[in-house]
Structures are given as structure tokens and as C-alpha cells.
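Dear colleague,

I am handing over the structure below, and I would be glad if you could look through it with the notes that follow. They begin with one residue and then widen to the chain and its pockets.

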Amino acid sequence: MEKRLPGKVRRALRAMYYDIEPRAWIGKNGLDEGVIEEINTQLEKDGILKVEIRKGALISTGLDRKALAERVAELTDSELIEVRGKRFILFKPREGWEKYLRKLQRKELSEEKREEKPVKKVRLDIANFRRKFKKGRD
């Protein structure tokens, strides 16, 4: 499975969402259609989801945790952000991958175009300055 998100974005997502509660569980039935459908529904609703793998799922599927998480990401067309213990985080942009990745590219390009412009030093004539602002005080 190819990684679509740059590392910087993945780290930011991991930092923002590491403490959310899991809202989907993979149990002894493994990766049946109901589980995948529920994960897809949650991803469409919120865009990010934490999934918990129960012990029965590891036994029934015969896969380890990382392989199981990668398989779920592949089936749901989402990005696997992190696997930590028995939980993993999936991300799928609500507007669709093409639109989201174009937006990221535009953002990177605009940051590159922005340059720091040197500040012009202005020579200040104190006498002129005082005359100009003294008029208002009288």
C-alpha cells in the first residue's frame, strides 16, 4: 500500500488524535463486511477513526496487528496513521483524496513563494517629526 500523506502531515495528525477513544472494534468475526461497512461510515462522518483489535480477531484472521491494520486501511481506501498496541488510527479526507492532496500541494507551493522581504530603513528627521505632531497639540 502506498503512503499518500507526507510525514509532516502524518505527525501532525498523530499528535492531534492520539487520545481519542476507539469507535470501532474488530472482533472474532474478523474483517467481515459489517465491520468494514461500519468503519467506512465512521470515516465518512468524521474523517478520522481509532479502531481497536480484539484478541479473537488476531486468532481468527491469523494476521498480526500491523498486517490487520494495513488490510483494513486498504479495504476502506484510507491512510494508516499509527499502530499502537491493539489500537490503530485511520484517516480518510471527507472531500476525497484527489481534492485533499491538491490542497496540500497548493499550501506547500504558497509557503515556498512567500519570502521575507527586507525592511526598509527610513531616516527620521526629528525636527520635521516634532513640527508635524506639534500642530495637533496646540
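**Residues in H2 and E2**

Gln42 is a residue of helix H2. Please keep in mind throughout that this is a predicted model. With a relative accessible area of 13%, Gln42 counts as buried, because the cut-off for a buried residue is under 20%. When its neighbours within four places in sequence are left aside, the contacts of Gln42 are Arg23, Gly47 and Leu49.

Helix H2, which covers residues 33-46, also holds Ile36. Ile36 is buried as well, at a relative accessible area of 12%, and its contacts, again without the neighbours within four places in sequence, are Leu31, Leu75 and Thr76. Thr76 lies 40 residues away from Ile36 along the chain, and the C-alpha atoms of the two are separated by 6.9 Å.

From helix H2 I turn to strand E2, which runs over residues 48-53 and includes Lys50. Is Lys50 buried or exposed? Lys50 has a relative accessible area of 8%, so this charged residue counts as buried under the 20% cut-off. Beyond the neighbours within four places in sequence, Lys50 is in contact with a run of residues that includes Tyr17, Tyr18, Asp19, Ile20, Glu21, Pro22, Arg23 and Ala24, and its contacts also include Arg87, Phe88 and Ile89. Between the C-alpha atoms of Lys50 and Tyr17 there are 8.6 Å, although the two residues stand 33 residues apart along the chain.

Strand E2 is also the place of Ile53, a residue that is buried with a relative accessible area of 4%. Leaving aside the neighbours within four places in sequence, Ile53 touches Ile26, Leu58, Arg65, Leu68, Lys86 and Phe88. Phe88 is therefore a contact of Ile53 and also a contact of Lys50, if contact is taken as heavy atoms within 4.5 Å. The C-alpha atoms of Ile53 and Ile81, which are 28 residues apart along the chain, are separated by 15 Å.

**A residue with positive phi**

In the loop between helix H4 (65-76) and strand E3 (79-84) sits Asp77, whose phi is near 55°, a positive value in a residue other than glycine. Most residues other than glycine have a negative phi. Asp77 counts as partly exposed, with a relative accessibility of 37%.

**The chain as a whole**

There are six helices and four strands in the chain, and from the N terminus on these elements follow the order α-β-α-β-α-α-β-β-α-α. The radius of gyration is 26 Å, whereas the globule rule gives 14 Å for 138 residues, so the chain is more spread out than a compact globule. The C-alpha trace spans about 90 × 30 × 25 Å along its principal axes.

Of the 138 residues, 30% count as buried. The chain exposes about 10700 Å², and carbon and sulfur atoms supply 49% of that area. Among the contacts in the chain with a separation of 6 or more, 68% join residues that are 24 or more positions apart.

**The two largest pockets**

The largest pocket holds about 280 Å³ of space, and its lining is made of Pro6, Lys8, Val9, Tyr100, Lys103, Leu104, Lys107, Glu108 and Glu111. Helix H1 (7-17) and helix H5 (97-113) are the elements that give two or more residues to this lining, and H5 has the largest share, with six residues. By residue type, the lining of the largest pocket divides into four nonpolar and five charged residues, with no polar ones.

Which residues lie closest to the centre of the second largest pocket? This pocket has about 220 Å³ of space, and of the 15 residues that line it, Leu13, Met16, Tyr17, Phe91 and Tyr100 are the closest to its centre. Tyr100 also belongs to the lining of the largest pocket. H1 and H5 each supply at least two residues of the lining of the second largest pocket, but here H1 gives the most, with five residues. The lining of the second largest pocket divides into nine nonpolar, one polar and five charged residues.

With best regards

Notes: Residues are numbered from 1 along each chain as its sequence is written. This is a predicted model: local features need pLDDT of at least 70, side-chain atom pairs count only at pLDDT 80 or more; totals for chains, interfaces and linings use all residues. Side-chain values use heavy atoms; hydrogens and water are left out. On a 1 Å grid over the protein atoms alone, a cavity is a set of points where a 1.4 Å probe fits but cannot get out, and a pocket is an open set with protein on both sides within 12 Å along at least five of seven lines; lining residues have an atom within 4 Å of a point. Grid points are joined across faces, edges and corners, and a volume is the space filled by probe spheres set on the points. The radius of gyration is taken over C-alpha atoms; the globule rule is 2.2 Å times the number of residues to the power 0.38. Buried means under 20% relative accessible area, exposed over 50%, partly exposed in between (1.4 Å probe, protein chains only). Accessible areas come from the Shrake-Rupley method with a 1.4 Å probe; for residues, only the protein chains shown count as cover.
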